[in-house]
Amino acid sequence: MSAVLAAFLDDYSVALRRHVAAPGQAGLTEGYDLGRRALIEGISLLDLTENHFHAVAEYAGAPADPRSAEVALEFLLQTMAALDIATRGYLDGTRRYEQQRSRAEDLEGRDAFRTALVESLQDGFFVADDHGTIVEVNSAFGVLTGYGASEVPFRLPHPWALSDRDGYPQIGTEASRFVMPVRHRDGRERWLAVSASSLVIQENDERIFVGTVRDVTAEHDAQARDQAASRLATAVGAATSMVEVLAVGLDELRRTMGAETALVAVWPSRTGRPDVYSCGAPPSPPADSTPELATTATHFTAAPMQQSGPHGDGPVVLDDDIANLLDRSRRQSARGLSAITGDEGGVDAVVAPLGETGDAALWVRFGAPRAVSAADWALYSLLVGHLSVALQRARNFDQARATSLTLQRAMLGPIELPPRFSVHYEPALPPLEIGGDWYDVVPLRDGTIGVVVGDCVGRGLSAAVVMGQLRTAARALLLRGAGPAQLLAELDAVASRIPGAMCTTVCAAVLDPERGMVRYSNAGHMPPVLAPPGGPGRILEGGRAVPLATFDTPRRPEATTALPPGATLVLFTDGLVEQRGYDIAEGFVKIADVLSETGEALPRDVADAVLSRLCPPAGYDDDVAMVVYRQPPEPLHLDIPAAATELAGLRRSLYRWFAAAAVPHDVAADLVAAANEACSNSVEHAYRDREPGRVTLTARCDGDRVVLDIADHGRWIPTPTDPGYRGRGVEMMRALTEDLAFDHDDTGTRVRMWVTLPSITFPTPNPLRTVSRPPAVSSRQNSF
């Protein structure tokens, strides 16, 4: 027995005897303290119980007194109370430990299951804190972005984010569904669909984002291809010519492909250099690059060239090597794109044939070599295919339209007009060039001019068919010598046999420029308007009767009126003055006002002024045909001092008279220069060594000729054999006029010069180079 145990047992026996001898609370407290001592000193319960038994027996000396035994037992229990509390606490701790151990083992199993579940997902999985830092990802996330679980955390800005793509939320910053572009670690651009939710951790009230990402690059590329193709198809859908298709199509193609330059070369003939249309920066690759055609082994060196095309100012001059590359491409039998790659890899440009005739090729150059994926090639092929179809359609349309223009203008009116005329036609249904309205100007054998303006019922091609037959019949009747009334009377019989010709309105007139007279007859048509120079216009109301093929008329009336010198006569159809919400009388007043204001303007300028003044805001809603005629003005007589200071005023007066006489600007400029030279000679030479005299100038219209007479009272010095740097005025006057004659006598020098006014020729459309239509007012202006 150890000394500690022996000392404890002795102390216990002594304390027990005292308590049995004098039971009380102090003894029980001493027993409780002994129990705590037993816990501290590690006294066994067995030793304590055995010692208690012997102490009680030894104290009593006889069989135990029931009362003493009860007191002794109470002391023992009080001693063992501390031991009992300690034992139960130990058991409770053991039980709690087992529970905690079981819970930890369960959580460990759950974490393993969660990890396995997350790793089994085909979509990328992520967990982000409230600051957008990615703290957990699965292996699929690493495959999609190139950044795996071993590299977490990923703080903002994330390494896969595109700095040039503003407006897209970042992964782990929003609880929503969205699609965003990312840059994979290998440099490829991908599109990810993100689905994220926001959670709050109960232990610390921290918010986190949990979500998944899915690769939707294929879906996005397919949608982008459809949208790009739709944009290109929409852009070129309204184009009706090759130039319009290339103007909008090349620009849309370049922007969609992200290219720097796009050009198309078109060979008008099978040989020779092509016409080039380009947009973007000039196609000048670096001089040290040596690109190669991926489908062949041919190399070429690209050199700078002049930029032009739909957006340029002149023709593009292609480098020979680029031209050869395009020439080979357009001859390829297999239709498709070819890549032009550099020595360092990457695609520098693409080239492709266009159309089905083997005479056009496309070249698109990128700003820097790039990697082109299969999706990119699909997009490029789709865009080039749309452009090729649109180009071929436009070229077919151009050719068909050129043919249609020739036929329609042949139906509409003469290819050449006499001088001093201007005509205009505006159909109500573009792109048709004709409708139910028509005009015709026919020079006749006796020097008179027949003019017919008519309007068939209806619009479009059906009305044009009727119009063509009536116009042909009217022209034949004029050439046979029929007057205005007889022409309309015989047209009645013609119109009655043409389906759809009933109620056609016609105004026929025969002009006599020499006598200054006009005979006219009106079959229910808009009356002509006549305006003297500087005076108010008036309506020619005479000769009116019913439209064609309506009633049997015994005879058609005819009226005659004078054409004052310099007067302007306008014949037109009702589309010019009939507008919804306006009185026709207002239109006539406007026409008369314009004519009174434009007495010294060219007929074509008069037509433009009338159309501009009467054009409604939404444009004309009916066909408009108009003929403007200018009667030759009174001769111009100028008598000026033979001084150089007077020549400027003489030139201004000549210009005004030439405009009033409907002399084209280029012819007027030549005549003014020739007259100025003749007058300058009179000023400088006619009065040498004499008092300055006077110079007279007379300008007159002699039929289609313009004649100028310049006279003075002096004598010019003869032209030397070698005039040197001066003295070439006579040669200049001969070059600027049709004929030149001099008359010298004792009374002075007279110079006569003249030109014949040219006929007015319609422009001929080019089927391959048709450009966009100009504004409606001048789109059909056929005059000079």
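1. How many residues does the hairpin that joins β27 to β28 run through? In this predicted model, the hairpin leads from β27 into β28 through 2 residues. Strand β27 covers residues 739-745 and strand β28 covers residues 748-756, and the two run antiparallel, joined by 7 bridges. One pair to look for is Asp-743 with Arg-750, since Arg-750 in β28 is the bridge partner of Asp-743.

2. The hairpin belongs to an open sheet of 5 strands, and a reader who follows the sheet across will meet them in the order β24-β25-β26-β28-β27, with antiparallel pairing. At the edges stand β24 (636-641) and β27, each of which pairs on one side only. From one strand to the next, the twist averages 15°.

3. At the β24 end of this order, 6 bridges join β24 to strand β25, which spans residues 694-702, and these two strands run antiparallel. Here Asp-639 can be found opposite Thr-696 in β25. Helix α15 packs on the sheet, where it touches β25, β26 (705-712) and β28, and the direction of α15 makes about 10° with that of β26. When looking at any of these strands, it may help to remember that in a regular strand the side chains alternate between the two faces of the sheet.

4. Which helix packs with α15 at an angle of about 150°? That helix is α14 (residues 647-660), whose axis is 10 Å apart from the axis of α15 (residues 665-686). Because angles over 145 degrees count as roughly antiparallel, α14 is described as roughly antiparallel to α15. The crossing of α14 past α15 is right-handed.

5. The residues of this helix contact can be picked out one by one. From α14 come Leu-647, Leu-650, Arg-651, Leu-654, Tyr-655 and Phe-658, and they meet Ala-668, Ala-669, Leu-671, Val-672, Ala-675, Asn-676, Cys-679 and Ser-680 of α15. Sorted by class, the contact of α14 with α15 contains 11 nonpolar, 2 polar and 1 charged residues.

6. A separate point concerns Arg-165, which is placed in the loop between α5 (139-145) and β3 (177-183). Is Arg-165 buried, partly exposed or exposed? With a relative accessible area of 26%, Arg-165 is partly exposed. If its neighbours within four places in sequence are left aside, Arg-165 is in contact with Pro-181, Glu-189 and Trp-191. Arg-165 and Val-182 are 17 residues apart along the chain, and a distance of 9.3 Å separates their C-alpha atoms.

Notes. Residues numbered from 1 in each chain as written. Predicted model: local features only at pLDDT ≥ 70, side-chain atom pairs only at ≥ 80, totals over all residues. Heavy atoms only, no water. Axes fitted to C-alpha atoms, helices over the stretch in contact; angles between N-to-C directions. Helix = DSSP H or I, 4+ residues; strand = E, 2+ residues; numbered from the N terminus. Parallel < 35°, antiparallel > 145°, perpendicular 65-115°, else oblique. Left-handed = near helix turned anticlockwise from the far one by under 90°. Contact = heavy atoms within 4.5 Å. Nonpolar A, V, L, I, M, F, W, Y, C, P; charged D, E, K, R; others polar. Pairing = 2+ DSSP bridges. Buried < 20%, exposed > 50% of the residue type's maximum accessible area, 1.4 Å probe, protein only.
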